[in-house]
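Biologist: Got a minute to walk me through this one? I'd like to start with the charged pairs.
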Amino acid sequence: MARGRAGRVRALMRRLWPQTLAGRMLATQMLIVSIVFVGVGALSVAQQGEGVTDREVRRARQVAEQVTQEPGVRQVLGSQGEAWMSQAVAALESARTLSDSEGVYLARTSDGRVVAAAADDPLRRLPRTDAFEGSSWLGGENDDDDPETIMAMAPVIVAGELEPVGVVAVTRPSPSVWDDLATITPNLLTYLGLAGVIGVLGSLLLARKVKRQTLGLEPREIAGLVEQREAVLHGIKEGLLAVDLAGRVTLLNDEAATLLSIPQAGSTGHSLAELGADRALLSLFPDRRLRSGPTVSVSDESEVSSVDRVLLVRGRLVTANVMPVRQQGRLVGHVATLRDRTELLELQRDLDVTRATTDSLRAQAHEFSNRMHVVAGLIALEEYDDVQDYIRHITADEAELTARVGTAVADPAVAAMLMAKSRQAAERGITLDLDDDSRLARLDGDLSTDLNTILGNLVDNALDAVPEVSGRVRVALLGPDDGAVRLTVRDNGPGVPTDDTGTLFVRGYSTKDAEPGSSRGIGLALVRMVCTKRGGEVSVSNDDGAVFTVSLPTA
């Protein structure tokens, strides 16, 4: 039951509490102002009460001291006191009435007994205080720390006497809290009202400013957007990396951290260089600030952008798109979207092998068709001896190619690739030779596939580079030797321009003319990717043509 009531109370409070940001801020500020009001009022009442009490005490002492100077009061304490009693009482009553006191008393110092009084409920005896010794005294009627009645005493001193002969006591009512509050209410209301108006105006202005900075969104909407942003950033397949102008990471999702092999936890606020980013990643942002990390002036800001740029980052082929980020027309950083192209290019590699095999079969079919036409023509001419000689000749050529490749290359996949490329070259009038020193043992499946990918792409490039009819391409294969397989492909083409050797293996770069959207510039980038992935290397030089040398570790 208690929990049910508490739940209903909380539900009621939620309904009563404002739901908008401006309303909540205003209600909070008003609550704060109200608390301040109560505190200031309590402090003012306490201070005012102390002041009023002190004033009343001083007033009581002043009345007591004035009464001690009345002749009748002095005479009533003498030997003929009874004759002066009426005059003394009149003086006491006059002092009481004029000062609006509760009571005025006259007592002897010998026993403290009251001899004359002006009060509705007079006291019979006064408490002994310092006034009986000749000093004024201030306090309560009962000498309590918090008296309900204020009392002041003054000694009555007669000429010729060394000691006081009596004491005059004046009692006044102690002011209540309501009296104090009534006294200070006008000023307090003025000050608190002014403070309230200022507080409300400040709350409204603050709420308006916050509303403008949050684009008019309420707290629930902002929290929902943040949660949705986190879910999207960490749920998408593409990597997302954002940096500011000083090269510090401002956003990094899970996929980007995986693709770039950099830690995600604690990466925000650190530069890419501090996170150990690959040089290929740093090249996305060529500005020197993104490498060193110092803060720069606005005048040094430069905009960086690139589209579908392919990077080889620690064995992964990553496609990056970099775009500038602007806020209110001012450049604040850059954001890069990253996609893993490794699997796609591995599929492309397999398709290249399939295409090479298809081209080889097409060339063989074309060559076989031509040979069948020759045989059919010779038979039609009844040149049977020539038919036999022709068949022996082409059979010998095929057997020689098969024997030469089969003897030097024990791996069937690589041997099939060489034979296919040989027939493809022969169809174009180009000579493809296998070096006499070539020796290749049987390889495991992954190494054989990688070697075939490199061999096919290098031979295709060589066939495109040499002139038809007079072109020559030579292939050398060795290994495994010292834990590595070595491949050399040389041609008698024009060679590689010296200035292009640094960019030759970049995707999209090609020395041949190509139309936009073509697949030029992929083969050598794929060769370098496969070599880097296996921990190998590829190099190019010129020696009466281009010479490509590849070394692939067996492990």
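Modeller: Sure. Arg474 forms a salt bridge with Asp435, and their closest N and O atoms are 3.7 Å apart. The pair ties distant parts of the chain together, with the two positions 39 residues apart. Bear in mind that this is a predicted model.

Biologist: Where do Arg474 and Asp435 sit?
Modeller: Arg474 is in strand S13, residues 472–481. Asp435 is in the loop between strand S11 (431–434) and strand S12 (439–440).

Biologist: Is Arg474 buried or exposed?
Modeller: Partly exposed, at 30% relative accessible area. Asp435 also counts as partly exposed, because its relative accessibility is 21% and the buried class stops under 20%.

Biologist: Which residues are in a salt-bridge network?
Modeller: Asp433, Asp435, Arg472 and Arg474 are linked in one.

Biologist: And how many salt bridges does the structure hold?
Modeller: It holds 11. Another of them joins Arg534 and Asp450, with the closest N and O atoms 3.1 Å apart.

Biologist: What does that pair link?
Modeller: Distant parts of the chain again. Arg534 is in helix H14 (residues 523–534) and Asp450 is in helix H13 (residues 445–465), 84 residues apart.

Biologist: Are those two buried or exposed?
Modeller: Arg534 counts as buried, since its relative accessibility is 16%. Asp450 is buried as well, at 9%.

Biologist: What about Arg248, what does it pair with?
Modeller: Asp244, through a salt bridge whose closest N and O atoms are 3.2 Å apart. Arg248 is partly exposed at 30% relative accessibility. Asp244, at 15%, counts as buried.

Biologist: Switching topic. Where does negative charge gather on the surface?
Modeller: In a patch made of Glu382, Glu383, Asp385 and Asp386. Asp386 belongs to helix H11, residues 384–408.

Biologist: Why does Asp386 qualify for a patch?
Modeller: Asp386 has a relative accessible area of 35%, and patch residues need over 30% and no salt bridge. So Asp386 clears the area cut-off while being classed as partly exposed.

Biologist: Now Val114. Which strand is it in?
Modeller: Strand S2, residues 114–119. Val114 counts as buried, with 16% relative accessibility.

Biologist: What does Val114 touch?
Modeller: Leaving out residues up to four places away in sequence, Val114 touches Tyr105, Leu106, Ala107, Leu123, Arg124, Arg125 and Leu126.

Biologist: And how far is Val114 from Gly166?
Modeller: Their C-alpha atoms are 9.4 Å apart, with the residues 52 apart along the chain.

Biologist: Let's do Ser422. Buried or exposed?
Modeller: Buried, at 12% relative accessible area. Ser422 lies in helix H12, residues 412–427. Beyond residues up to four places away in sequence, Ser422 touches Leu401 and Leu432.

Biologist: Step back for me. How many helices and strands are there?
Modeller: The protein has 14 helices and 16 strands. Of its 555 residues, 38% are buried.

Biologist: What share of contacts join residues at least 24 apart?
Modeller: That share is 56%, taken among contacts between residues at least 6 apart in sequence.

Biologist: Last one. How much area does the protein expose?
Modeller: About 31,300 Å², of which carbon and sulfur atoms supply 54%.

Note on methods. Residues numbered from 1 in each chain as written. Predicted model: local features only at pLDDT ≥ 70, side-chain atom pairs only at ≥ 80, totals over all residues. Heavy atoms only, no water. Patch = residues over 30% accessible without salt bridge, like charges linked within 9 Å, V, L, I, M, F, W, Y side chains within 5 Å. Areas by Shrake-Rupley, 256 points an atom, 1.4 Å probe, with all protein chains shown as cover. Salt bridge = Lys/Arg side-chain N within 4 Å of Asp/Glu carboxyl O. Lys, Arg positive; Asp, Glu negative; His and termini not counted. Charge placed at Lys NZ, Arg CZ, Asp CG, Glu CD. Helix = DSSP H or I, 4+ residues; strand = E, 2+ residues; numbered from the N terminus. Buried < 20%, exposed > 50% of the residue type's maximum accessible area, 1.4 Å probe, protein only. Contact = heavy atoms within 4.5 Å.
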